[in-house]
Amino acid sequence: MKRVSFADLKAVENLRPAGYRDAIVSAAKFRTGKYAWIADEDWSVLAARFGAPVEPSSEPSMAQMAGNLTGALMEWAAAGFPVAAQDVVQRRREACQACRLWDADARAGMGKCGSPKCGCTGIKWWLATSVCPERKWV
Ligand code: SF4
């Protein structure tokens, strides 16, 4: 499952073919005020048709990180607090450890993602609803 931010959709709307936003929204399996979740098979079709989303590359501010964390926890709560399976956590951990944005020494050794849409620690690996903001894992 892929998570798409409506803020991202708005940011790239003018750079994509007509119908991009509507196609994403229509394909969503479920939505909140900020995000839409798209099944992997639908995502592949959309990505082939419209191209991959554009991602900003600057570090997140403290306010952004707080907002990102709050949003992630609210989504997790709305889904019923599902915990990821051990193999999923391991796959996510390995992806982060190989990522240029991962700072393993930050937050007293808990690590930190440097994506402006994240800033979370490895705790995020355990939330089943989490996705990598750079689309390196789901
Ligand atoms: S969550 Fe994604 S972007 Fe962030 S460190 Fe992990 S792999 Fe990299």
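**Figure 1. The largest nonpolar core of this predicted model is built from 7 residues.** The members of this core are Val4, Ile24, Tyr35, Ala36, Trp37, Ile38 and Leu46, and the largest share of them, 4 residues, is supplied by strand β3. Leu46, which is one of the core residues, is in contact with Ala23, Ile24, Ala27 and Ile38 when its neighbours within four places in sequence are left aside. Apart from this core lies another one, which has 6 residues, including Ala72, Cys96, Cys113 and Cys118.

**Figure 2. An open sheet is formed by 3 strands in the order β1-β3-β2.** The pairing in this sheet is antiparallel, and β1 and strand β3, which covers residues 35-38, are joined by 4 bridges. Within this pair of strands, Arg3 has Trp37 in β3 as its bridge partner, and Trp37 is also listed among the residues of the largest nonpolar core. Strands β1 (2-5) and β2 (30-31) stand at the edges and have a single partner strand each, so one side of each is left without a neighbour in the sheet.

**Figure 3. The domain assignment of the protein gives two parts, domain 1 (2-50) and domain 2 (62-126).** Between the C-alpha centres of domain 1 and domain 2 there is a distance of 22 Å. Where the two domains meet, 4 residues of domain 1 are in contact with 4 residues of domain 2. The side of domain 1 that touches domain 2 is made up, by class, of 1 nonpolar, 2 polar and 1 charged residues.

**Figure 4. Glu75 has its place in helix α4, which covers residues 62-78.** How many other C-beta atoms lie within 10 Å of Glu75? There are 18 of them, and Glu75 is therefore partly exposed, a class that lies between the exposed residues, with 12 or fewer such atoms, and the buried ones, with 20 or more. Leaving aside its neighbours within four places in sequence, Glu75 is in contact with Thr32, Tyr35 and Thr129, and of these partners Tyr35 is also listed in the largest nonpolar core. Asp8 is 67 residues apart from Glu75 along the chain, and the C-alpha atoms of these two residues are separated by 17 Å.

**Figure 5. The ligand is surrounded by residues that include Ala95, Cys96, Cys99, Leu101, Trp102 and Cys113.** The list of surrounding residues continues with Ser115, Cys118, Cys132, Pro133, Glu134 and Lys136. Divided by class, the shell around the ligand has 9 nonpolar, 1 polar and 2 charged residues. Cys96, Cys113 and Cys118, which are named in this shell, are also among the members of the core of 6 residues.

**Figure 6. Phe81 and Arg135 are shown here for their backbone angles, beginning with Phe81, whose phi is near 60 degrees.** This is a positive value in a residue other than glycine, and Phe81 is found in the loop between α4 and α5 (86-97). Is Phe81 buried or exposed? Because 11 other C-beta atoms lie within 10 Å of its own, and 12 or fewer is the limit for this class, Phe81 is exposed. For Arg135, phi is near 65 degrees, which is again a positive value in a residue other than glycine, and the residue lies in the segment after β5 (112-113). Arg135 has 15 other C-beta atoms within 10 Å and is partly exposed.

Conventions: Residues numbered from 1 in each chain as written. Predicted model: local features only at pLDDT ≥ 70, side-chain atom pairs only at ≥ 80, totals over all residues. Domains from an automatic or database assignment. Contact = placed C-beta atoms within 7 Å. Nonpolar A, V, L, I, M, F, W, Y, C, P; charged D, E, K, R; others polar. Near = placed C-beta within 6 Å. Pairing = 2+ DSSP bridges. Helix = DSSP H or I, 4+ residues; strand = E, 2+ residues; numbered from the N terminus. Core = buried A, V, L, I, M, F, W, Y, C linked by C-beta atoms within 7 Å.
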